[in-house]
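Visitor: Could you take me through this model question by question, with the cut-offs stated as they come up?

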Amino acid sequence: MAIPVDDAEEIEPALESARAAVRDGARLVEWRVDALVDRLLPDRAAEALACVQRLVGESPAPCIVTIRSASENGAFRGDDTDRVSLLEAIGAGEPAPRYLDFELAAFDRSANLRQKVRLAVAHDRQPRDLKTSLILSSHDFGSRPADLQKRLAAMVVEPACAVAKVAWRARSLRDNLEAFELLLERGKPMVALCMGEFGLMSRVLAPKFGGLFTFARGTDTRETAAGQPTVRELRDQWQFDRIGPATAVYGVIGWPVSHSRSPALQNAGFDALGVDAVYLPMPVEESWESFKATLGAMIDFAPLTLRGVSVTLPHKEHLVRFVRERGGTLCSLSERCGSANTLLISKDERACALHAVNTDAPAAIAAIAHALPGGSREPHALLADKHVALVGAGGVARALAFALTDAGAEVTIFNRTRERATALASSIGARAQVGRASVPPPRGSRFDVIINATSLGMRGAETEGRSPLPDDFEFVNDCVVMETIYTPRLTPLLRRARDGGATVIDGSEMFVRQAEAQFRVWTERDPPSGLFRTTLDALEPSS
Ligand code: NAP
């Protein structure tokens, strides 16, 4: 847990934050005192020492003291000799911190500094297990440094260095794999972390690869490096205390993906059933090349034990292409509609088998069938000969069009881009027709079921607040209206449909069902009944 302390007035609140973080599960506290020390050195060195000693003395857990220099994104701009003299005094103090952190770049700069840093951690009077140890560290805020291996080698051969720490800004998920490789090959205790939105995996999975520790922030403290989760998030959301070498890894690939609720649901399921697995957001940029390279690298890096992924916008069609190229298998719906949202990766010592499934459309069909009169009957029997207006012709609409037609429904597709609607209609055969208008369906249309499979009305989208139907659209009483959007729960379409007397199904019905189906694909077990629903409701209240 890293806590910045910028001046003496912040000491008390910082100690309070540390106590709260320790209650949340933090086992080590890093006092980032660069700004505080920068204000006081060189003239008020005794005051600086007293401040740091108070933090160390009252620290609720063993601690690291770091006076990060401005050259590595810290706030200390003063003279390195003054900084090291202070570190020496801190190391000689009583009580002393568990670790002092010093940058390799500064350490390498002069023999005199090296000598002083070595002295700062060489106090024989301390029992061995209480001795202050040195972390040599290196941080790059642009990208992975070209000489990373050389830096690590220098840390490993330095006898005074107890822990080698490297951190760099990840440019893609693949940077994490490199951090894991470094940890697996470590020559001494090591921390290897990736910063930024691509780096969460390296922070969460550090214990899987033998990383000595990871860095988090307090609920009420600012991050000291980009992408740090809070201690509570690490524990509750990312299952940090359960992660070990055998933990299987799952995730959701998309762009963007940080808003996804899938991690909360799947991790709740793993936790409840005691499955040794964790599910993470996996941001992968839009292109096919990024998708192919990233997913391929994660599957091929055997120590990651990637066992499955959910795939969302804009990669569902990429998943089908990927599985085909790698000789895997597809469920019949993905095979025909060309889009899949679930990948199962089965591996033994010799082979890796890939199987992709579409759980979106069966989930939507089940949700609609549940809402139709006689909803306990087989979904396909309920949908036979029903008139369905399907708004949209993207990935979800495509899968739905195939699944609805399979169930015997008569589908009419409406879409902003007419050519996409026409192409989809022709690929599902005679039962579909293209609506004369694009969105919205013509007035007076009578449909048993209306489905919005566009992003019209989604929170945060340009089209937030909009409905795919005109304001005066008349809903017939037994009409069922389904949303695929689940934020917000009550979209403009559903509000009007409800007020117009229709039966409404919000997008969470489909979302929960598709997530439960994914859990079954991966674990061959049912998640506890109602768990995904209550987990989602806690995050996205329905009103
Ligand atoms: P997609 O492939 O990008 O398709 C987007 C669709 O929305 C296209 O038909 C597009 O029309 C239409 N659209 C976008 N902006 C529009 C606008 N301003 N006016 C009119 N039409 C517009 O997306 P997708 O993967 O199919 O996802 C569709 C929806 O399903 C999204 O809202 C997504 O959140 C939701 N979804 C829900 C779940 C769930 O479990 N509940 C799961 C997956 C997806 P054009 O063809 O003209 O571009």
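**Rings, cores, ligand and backbone**

Visitor: Are Tyr-486 and Phe-511 buried or exposed?
Guide: The structure is a predicted model, in which local features need pLDDT of at least 70 and side-chain atom pairs count only at pLDDT 80 or more, while totals for chains, interfaces and linings use all residues. Residues are numbered from 1 along each chain as its sequence is written, and side-chain values use heavy atoms, with hydrogens and water left out. Relative accessible area, taken with a 1.4 Å probe on protein chains only, decides the class: under 20% is buried, over 50% is exposed, and anything in between is partly exposed. On that scale, Tyr-486 and Phe-511 are both buried.

Visitor: How many aromatic pairs are there, and why is the pair of Phe-291 and Phe-322 edge-to-face?
Guide: Rings of Phe, Tyr and Trp (for Trp, its six-membered ring) pair if their centres lie within 6.5 Å, with planes under 30 degrees apart called stacked, over 60 edge-to-face and the rest tilted. This rule gives a count of 15 aromatic pairs. For Phe-291 and Phe-322 the ring centres are 6.0 Å apart, and the pair is edge-to-face because the planes meet at 85°.

Visitor: Which parts does the pair of Phe-291 and Phe-322 tie together?
Guide: Helices (H or I, at least four residues) and strands (E, at least two) are DSSP runs, numbered from the N terminus. Phe-291, at 0% relative accessibility, is buried, and Phe-322, at 2%, is buried as well. The pair ties together parts 31 residues apart in sequence, since Phe-291 lies in helix H12 (residues 288–300) and Phe-322 in helix H13 (residues 316–325).

Visitor: Why is the pair of Tyr-486 and Phe-511 stacked, and how many residues apart in sequence are the parts that the pair ties together?
Guide: The ring centres of Tyr-486 and Phe-511 are 4.2 Å apart and their planes are at 20°, so the pair is stacked. Tyr-486 lies in the loop between strand E18 (480–483) and helix H19 (492–499), whereas Phe-511 lies in helix H20 (residues 507–523), so the parts tied together are separated in sequence by 25 residues.

Visitor: Which domains give residues to the largest nonpolar core?
Guide: A nonpolar core is a set of buried Ala, Val, Leu, Ile, Met, Phe, Trp, Tyr and Cys residues joined through side-chain atoms within 4.5 Å, and the domain bounds come from an automatic or database domain assignment. The largest such core has 97 residues, of which Trp-31, Leu-205, Leu-295, Leu-304 and Leu-306 touch the most other members. This core lies between two domains, because residues come to it from both domain 1 (2–243) and domain 2 (249–358).

Visitor: What distance separates the centres of domain 1 and domain 3?
Guide: Besides domain 1 and domain 2, the assignment for the protein chain gives domain 3 (361–505). Taken over C-alpha atoms, the centres of domain 1 and domain 3 are separated by 54 Å.

Visitor: Which residue has a polar backbone atom 2.7 Å from a nitrogen atom of the ligand?
Guide: The ligand is surrounded by 25 residues, the closest being Val-396, Asn-415, Thr-417, Arg-420 and Thr-484, where a residue is near if one of its heavy atoms lies within 4 Å. A polar contact is a pair of N or O atoms within 3.5 Å; within protein, one must be able to donate a hydrogen and the other to accept it, and residues adjacent in sequence count only if both atoms are side-chain atoms. An oxygen atom of the ligand is 2.9 Å from a polar backbone atom of Ala-393, and a nitrogen atom is 3.1 Å from one of Gly-507. The 2.7 Å distance from a ligand nitrogen atom leads to a polar backbone atom of Thr-484.

Visitor: What is the omega of the cis peptide bond that joins Glu-94 and Pro-95?
Guide: Most residues other than glycine have a negative phi, and most peptide bonds are trans. Leu-41 and Pro-42 are joined by a cis peptide bond with omega about 5°, Pro-42 being in the loop between helix H2 (34–40) and H3. Pro-95 sits in the loop between helix H4 (80–91) and strand E4 (99–103), and for its cis bond to Glu-94 omega is about 0°.

Visitor: Is Glu-524 buried or exposed?
Guide: Glu-524, which is not a glycine, has a positive phi of about 55° and is placed in the loop between H20 and helix H21 (531–539). Its relative accessibility is 73%, so Glu-524 counts as exposed.
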